[in-house]
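Trainee: I would like to learn how to read a small protein model step by step. Could we go through one together?
Mentor: Gladly; let us put it on the screen.

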Amino acid sequence: MKDKLNKLIDLKSIITLSMIFALIFGWFVNKVSSEQFIPLVTMILTFYFARNKPSNTE
């Protein structure tokens, strides 16, 4: 559990999550339209989960 928490708090994860929260905030205050919001959040989340996929190449 502690290892998972340490991996969550790395810089790339913080940047990814802050981008998601910024888009959500922008959507709520009508600065980001739905046509922009859905593809951007999908792209960011896809990158985040694809990057965190463990590799067996060791």
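Mentor: Helices here are DSSP runs of at least four residues, and strands are runs of at least two, numbered from the N terminus. One caution before we start: this is a predicted model.

Trainee: With that rule, how many helices and strands are there in the chain?
Mentor: The chain has three helices and zero strands. Read from the N terminus on, the order of elements is α-α-α.

Trainee: What share of the residues counts as buried?
Mentor: A residue is called buried under 20% relative accessible area and exposed over 50%, with partly exposed in between. By that rule, 17% of the 58 residues of the chain are buried. The accessible surface of the chain is about 5200 Å², and carbon and sulfur atoms account for 69% of that surface.

Trainee: Which residues make the largest nonpolar core?
Mentor: A core of this kind gathers buried nonpolar residues joined through side-chain atoms within 4.5 Å. In this model the largest one has six residues: Ile 20, Leu 23, Val 32, Phe 37, Val 41 and Ile 44. Helices α2 (11–28) and α3 (34–51) each give at least two residues to this core. The largest share, three residues, comes from α3.

Trainee: Let me pick one core member. What is Phe 37 in contact with, leaving aside neighbours within four places in sequence?
Mentor: Phe 37 is in contact with Leu 23, Ile 24, Trp 27 and Val 32, once those neighbours are left aside. Phe 37 has a relative accessible area of 15%, so this residue is buried under the 20% cut-off.

Trainee: Trp 27 is on that contact list. Is Trp 27 buried, exposed or partly exposed?
Mentor: Trp 27 sits in helix α2. The relative accessible area of Trp 27 is 32%, which means that Trp 27 is partly exposed, as the value falls between the 20% and 50% limits. Trp 27 also joins Phe 25, Phe 28 and Val 29 in a nonpolar surface patch of about 450 Å².

Trainee: How should I read aromatic pairs, and how many does the structure hold?
Mentor: Look at the distance between ring centres, then at the angle: planes under 30 degrees apart count as stacked. The structure holds two aromatic pairs. In one of them, Trp 27 and Phe 37 are stacked, with 5.3 Å centre to centre and 20° between the planes. This pair links distant parts of the chain, as Trp 27 is in helix α2 and Phe 37 is in helix α3, ten residues apart. Trp 27, Phe 28 and Phe 37 also form one aromatic cluster.

Trainee: Now to the backbone. What should I know about phi when I look for unusual residues?
Mentor: Most residues other than glycine have a negative phi. Asn 30 is not a glycine, yet its phi is positive, at about 60°. Asn 30 lies in the loop between α2 and α3. With 69% relative accessibility, Asn 30 counts as exposed.

Trainee: Where is Lys 31, and what does Lys 31 touch beyond four places in sequence?
Mentor: Lys 31 is also placed in the loop between α2 and α3. At 69% relative accessibility, Lys 31 is exposed. Beyond residues up to four places away, Lys 31 touches Gly 26 and Gln 36.

Trainee: And Gly 26: buried or exposed?
Mentor: Gly 26, in helix α2, counts as buried at 6% relative accessibility. Setting aside neighbours within four places in sequence, Gly 26 is in contact with Lys 31 and Val 32. Gly 26 and Phe 37 are eleven residues apart in sequence, with 8.7 Å from C-alpha to C-alpha.

Trainee: One last residue: which ones does Thr 16 touch, not counting residues up to four places away in sequence?
Mentor: Thr 16, found in helix α2, touches Ile 44 and Tyr 48 on that count. Its relative accessible area is 6%, so Thr 16 is buried. Ile 44 may be familiar, as Ile 44 is one of the six residues of the largest nonpolar core.

Notes
Residues are numbered from 1 along each chain as its sequence is written. This is a predicted model: local features need pLDDT of at least 70, side-chain atom pairs count only at pLDDT 80 or more; totals for chains, interfaces and linings use all residues. Side-chain values use heavy atoms; hydrogens and water are left out. Buried means under 20% relative accessible area, exposed over 50%, partly exposed in between (1.4 Å probe, protein chains only). Accessible areas come from the Shrake-Rupley method with a 1.4 Å probe; for residues, only the protein chains shown count as cover. Contact means heavy atoms within 4.5 Å. Patches are made of residues with over 30% relative accessible area and no salt bridge: like charges are joined within 9 Å, nonpolar side chains (Val, Leu, Ile, Met, Phe, Trp, Tyr) within 5 Å. A salt bridge is a side-chain nitrogen of Lys or Arg within 4 Å of a carboxyl oxygen of Asp or Glu. Rings of Phe, Tyr and Trp (its six-membered ring) pair if their centres lie within 6.5 Å; planes under 30 degrees apart count as stacked, over 60 as edge-to-face and the rest as tilted.
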